Amino acid sequence: MPKRILVTGGAGFLGSHLCERLLNDGHDVLCVDNYFTGTKRNLVPLLDHPHFEVMRHDVTFSLYVEVDEIYNLACPASPIHYQHDPVQTTKTSVHGAINMLGLAKRTRAKIFQSSTSEVYGDPDIHPQPESYRGNVNPIGPRACYDEGKRCAETLFFDYHRQHKLRIRVARIFNTYGPRMHPNDGRVVSNFIVQALKNQPITIYGDGKQTRSFCYVDDLIEGFVRLMDAPDSVTGPINLGNPGEFTIRELAEKVIKLTNSKSKLIKKPLPVDDPLQRQPDIRLAKKVLKWQPKVKLDEGLGKTIAYFDHLLSAGVPY
Ligand code: NAD
Ligand code: UDP
Ligand code: UDP
């Protein structure tokens, strides 16, 4: 049955892939975005679709539309962007969640929250299961994002208990792929753009910190499975690829895959930068029958091809 689905943050990296997937599945999609980090360019392939609609709107303000499902993705995700206006970042997570939950309450829509592995902070348990309560500095420069997302989770579970809302909370680990913004500042896009331009690759700290990288198509499959799961599956549920790499290993892979002449240079490690991160995805495997399929080399290949095309076409960004 086709559904009317709202995607907030739909012009962003993950949101645009999700809109595309939902349209391909035959649904009516309303994309809402204030274009803070998203871009209309991500939506160009979808604009002529008869079941697609776009609205410029900031989720910190109320929104009255009629929908069956809501995917709440609106929030800058890269440290340089979420630290640019930290007060607005917290407002987006918290007021945005309140407004979207209010909308879900009025329409009785099912609602999905894109939470994050950042709720675990700099973890002292490895890999991180959903039961781990985290190690977040509440007053540091990353707190606007981490604590904003933690408070949004609290709101989701209180609306679930108090107003019987049907909720789905995904804790997303580092995800990469085509349509990441070239200036987004995240490690995969930075390294690929630097390598393609034969510019120095910027390693923050000693490069021994780890991350586990999930290809976007795998993640979107996890989103849809979670939304379609029985209502007893509220989450929080980790979605990510357990393949863990040091940042230096990532840099070396990117240099190899791009045949780049780039050299590695060191820059200071940002404050509160987590030293290690790997998802424990046993829960997602069990209840969603989901696990990522795309290996890092394969996913990087597709992402490099995207950035290569973008840079060689001279597309302004
Ligand atoms: P992104 O920056 O590409 O997308 C975020 C989108 O939200 C952008 O289109 C932006 O313009 C929009 N937005 C920001 N503030 C808004 C507001 N107040 N009102 C309306 N729209 C607003 O980032 P992304 O990687 O696509 O992330 C999407 C979601 O997934 C975010 O909630 C992020 O926290 C979460 N997430 C992403 C990752 C990842 O690795 N990509 C990891 C964990 C969590
Ligand atoms: N809201 C919205 N769209 C709706 C319904 C509510 O944006 O269709 C917003 C509205 O701004 C409200 C918030 O959601 O402040 C929370 O709604 P809720 O009904 O939970 O709280 P209340 O309106 O009682 O404060
Ligand atoms: N990083 C890096 N060089 C860069 C960008 C990031 O070494 O040009 C490091 C960063 O310090 C962190 C890791 O790569 O340890 C992942 O950073 P990203 O901003 O992509 O994601 P997050 O820290 O939110 O997981």
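Me: Which sense do strand 6 and strand 11 pair in, and over how many bridges?
Reply: Strand 6 and strand 11 (residues 237-239) pair in the parallel sense, over 3 bridges. Keep in mind that this is a predicted model.

Me: What is the bridge partner of Arg171 in strand 11?
Reply: Asn238 is the partner of Arg171 there.

Me: And which sense for strand 5 and strand 6?
Reply: Parallel as well for strand 5 and strand 6, with 6 bridges between them. Within strand 6, Val169 is the residue that stands opposite Gln113.

Me: What helix goes with strand 5 and strand 6 in the β-α-β unit?
Reply: Helix 4, residues 143-163. Together with strand 5 and strand 6, helix 4 makes a right-handed β-α-β unit.

Me: How many residues of strand 6 are buried?
Reply: 6 of 6, over residues 167-172. A residue counts as buried here if 20 or more other C-beta atoms lie within 10 Å of its own.

Me: Which residues point which way from strand 6?
Reply: Ile167, Val169 and Arg171 point one way, while Arg168, Ala170 and Ile172 point the other way. All of these are buried, the two arginines included.

Me: Why the every-other-residue pattern?
Reply: Because side chains in a regular strand alternate between the two faces of the sheet.

Me: OK, N-terminal end now. What does strand 1 pair with?
Reply: Strand 1 (residues 4-8) runs parallel to strand 2, and 5 bridges join them. One of the partner pairs is Ile5 with Val29 of strand 2.

Me: Which strand has the bridge partner Phe52 for Val29?
Reply: Strand 3. Strand 2 and strand 3 (residues 52-56) are parallel and joined by 5 bridges.

Me: How many residues of strand 2 are buried?
Reply: 5 of 6, so to speak mostly covered, over residues 28-33.

Me: Which helix is in the β-α-β unit with strand 1 and strand 2?
Reply: Helix 1, and that unit is right-handed.

Me: Switching to ligands. How many residues surround ligand 1?
Reply: 28 residues surround ligand 1, and the closest are Gly9, Gly12, Leu14, Thr37 and Gly38. Elements that give two or more residues to this shell are helix 1 (13-24), helix 3 (86-107) and strand 5 (110-116).

Me: Which of those gives the most?
Reply: Helix 1, with 3 residues in the shell around ligand 1.

Me: What's the shell made of by class?
Reply: Around ligand 1 there are 12 nonpolar, 14 polar and 2 charged residues.

Me: And which residues are around ligand 2?
Reply: Ser62, Leu63, Tyr64, Ile98, Asn99, Gly102, Leu103, Lys105 and Arg106. By class, the shell around ligand 2 divides into 4 nonpolar, 3 polar and 2 charged.

Me: Last topic, the whole protein. How many helices and strands?
Reply: The protein has 9 helices and 13 strands.

Me: What does the radius of gyration say about the fold?
Reply: The protein has 19 Å, and a compact globule of 317 residues would have a value near 20 Å, so the two agree. Along the principal axes, the C-alpha atoms fill a box of roughly 55 × 45 × 40 Å.

Me: What share of the residues is buried?
Reply: 46% of the 317 residues.

Me: And what share of the contacts comes from residues 24 or more positions apart?
Reply: 80% of the contacts with a separation of 6 or more.

Methods: Residues numbered from 1 in each chain as written. Chains lettered and ligands numbered in written order. Predicted model: local features only at pLDDT ≥ 70, side-chain atom pairs only at ≥ 80, totals over all residues. Helix = DSSP H or I, 4+ residues; strand = E, 2+ residues; numbered from the N terminus. Rg over C-alpha atoms; globule rule 2.2 N^0.38 Å. Buried ≥ 20, exposed ≤ 12 C-beta atoms within 10 Å, placed from the backbone. Contact = placed C-beta atoms within 7 Å. Near = placed C-beta within 6 Å. Nonpolar A, V, L, I, M, F, W, Y, C, P; charged D, E, K, R; others polar. Pairing = 2+ DSSP bridges. Right-handed = clockwise from strand over helix to strand, strands pointing away.
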